[in-house]
Amino acid sequence: MDKTADFEIFLMVPPGLEHPLAAEARDLGFKVSQIIPGGVVTRGGWSDVWRANLCLRGATRVLARIGEFRAFHLAQLDKRARKFPWADVLRADVPVKVETSTNKKSKIYHAGAATQRIETALTEEMGIQISEDAPLTVKLRIDDNTCVFSIDTSGEALHKRGHKPAVGKAPMRESMAAMFLRECGYSGTEPVVDPMCGSGTFVLEAAEIAAGVHPGRSRAFAFEQLASFDAAAWDAMKEDTAQTQPAVAFYGSDRNAGAVNMAQKNAARAGVDEVCHFTHASISDLQPPAGPKGLVMINPPYGARIGNKKLLFALYGSVGEVLMSRFKGWRVGIVTSDTSLAKATKLPFLPTGAPVAHGGLKVRLFKTDPLA
């Protein structure tokens, strides 16, 4: 498989965020062919795989479909796995991990046995070492007796941008925050305020979008260990971006001084500290910044992991009062797992979208038009 080859690329995303990811992918020039639960399907070559990892804010992983064949029993799987063109994609000197999923529609239903056959083929045909902590993962999905092989080209999940080591309790993942910002109509041209900013995720994502920087600029990816990798072309792709100075500023506050300190450090590491302003303050102190109106984005406690739920009704009520009285003309986005808490704000929310899986919970985005 050469670098100009055309194959299926699967962009993984938490269920519920497929459509905003598809919209982002289209905006970046990817041809979306299908939207399915948990992801978006596009096609392209290895340079498209690199670009997806580097540029997409909403994807959690990028899988490259490297081939498939039919197999009705383990001996057939073994034989065909040995003839599979692994050397087009994998290097003999880079260890791999194999993960298999199957279902009752297939005659090969034992995932462990299937994994073992693939591992043996890789070891005996290419001399590849199998390791649980390998930098590359080969994924085999057996569905209706078709064995589909993919490579996880991302490595660590893509929400780990590489410049935000400091996080607080129950943080919003960067990829999820980016999609919620998009769902609220944010495009990088207006200020964003987060009065419960924690480690600064919403504020930093908003500032990076406004600055036009790539989310994956600070980290390494699994595809750098593949036979198809071209270091010079990759370096050129990373350099092909012009960071712009945002025309607006971004504001975060939190009643936890430690969180504010974390957010400031994270903004500095991300290179957006000049346009991000963090203060130690409670909701009752919140005032709109001078300048144009924009978006208030909040991920408050839900009561499931942090906070006493009974006390949270008063907190959400205070949030609503402050925003309704002081932030006229601003739009609001609130992410919570509890509809009754959202309603306690008494904000005029628009109809909600699909629930999104987040840390074992189902959260929803509650958003408004500009407040009257």
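## Pocket, helix and loop: three exercises

In the second largest pocket, the lining breaks down into eight nonpolar, four polar and five charged residues. Keep in mind that this is a predicted model.

**Exercise 1.** Work out which helices supply at least two residues each to the lining of the second largest pocket, and which residues are closest to its centre.

*Solution.* Start with the space itself: the volume of this second largest pocket is about 350 Å³. Of its 17 lining residues, Glu24, Leu28, Arg57, Arg182 and Ile209 are the closest to the centre. Next, look at the helices: helix 1 (18-27), helix 5 (174-183) and helix 6 (201-211) each give at least two lining residues. Helix 5 has the largest share, with three residues.

**Exercise 2.** Check whether the end-to-end distance of helix 9 agrees or disagrees with its expected span, then find what covers its buried residues.

*Solution.* Helix 9 runs over residues 309-326, which is 18 residues. At 1.5 Å a residue it should span 26 Å, and the end C-alpha atoms are 26 Å apart, so the two agree. Now for burial: Leu312, Tyr316, Gly317, Val319, Gly320, Val322 and Leu323 are the buried ones in helix 9. An α-helix has 3.6 residues a turn, so residues three or four places apart point the same way. The cover over the buried residues of helix 9 includes strand 11 (295-298), strand 12 (331-336) and helix 10 (339-344).

**Exercise 3.** Decide whether asparagine 299 is buried or exposed, and find its side-chain partner.

*Solution.* First place it: asparagine 299 sits in the loop between strand 11 and helix 9. Its relative accessible area is 16%, and buried means under 20%, so asparagine 299 counts as buried. Finally, its side chain makes a polar contact with the side chain of tyrosine 302, at 2.5 Å.

Notes: Residues are numbered from 1 along each chain as its sequence is written. This is a predicted model: local features need pLDDT of at least 70, side-chain atom pairs count only at pLDDT 80 or more; totals for chains, interfaces and linings use all residues. Side-chain values use heavy atoms; hydrogens and water are left out. Helices (H or I, at least four residues) and strands (E, at least two) are DSSP runs, numbered from the N terminus. The expected span of a helix is 1.5 Å times one less than its number of residues. Buried means under 20% relative accessible area, exposed over 50%, partly exposed in between (1.4 Å probe, protein chains only). Contact means heavy atoms within 4.5 Å. A polar contact is a pair of N or O atoms within 3.5 Å; within protein, one must be able to donate a hydrogen and the other to accept it, and residues adjacent in sequence count only if both atoms are side-chain atoms. On a 1 Å grid over the protein atoms alone, a cavity is a set of points where a 1.4 Å probe fits but cannot get out, and a pocket is an open set with protein on both sides within 12 Å along at least five of seven lines; lining residues have an atom within 4 Å of a point. Grid points are joined across faces, edges and corners, and a volume is the space filled by probe spheres set on the points. Ala, Val, Leu, Ile, Met, Phe, Trp, Tyr, Cys and Pro count as nonpolar, Asp, Glu, Lys and Arg as charged, and the others, Gly among them, as polar.
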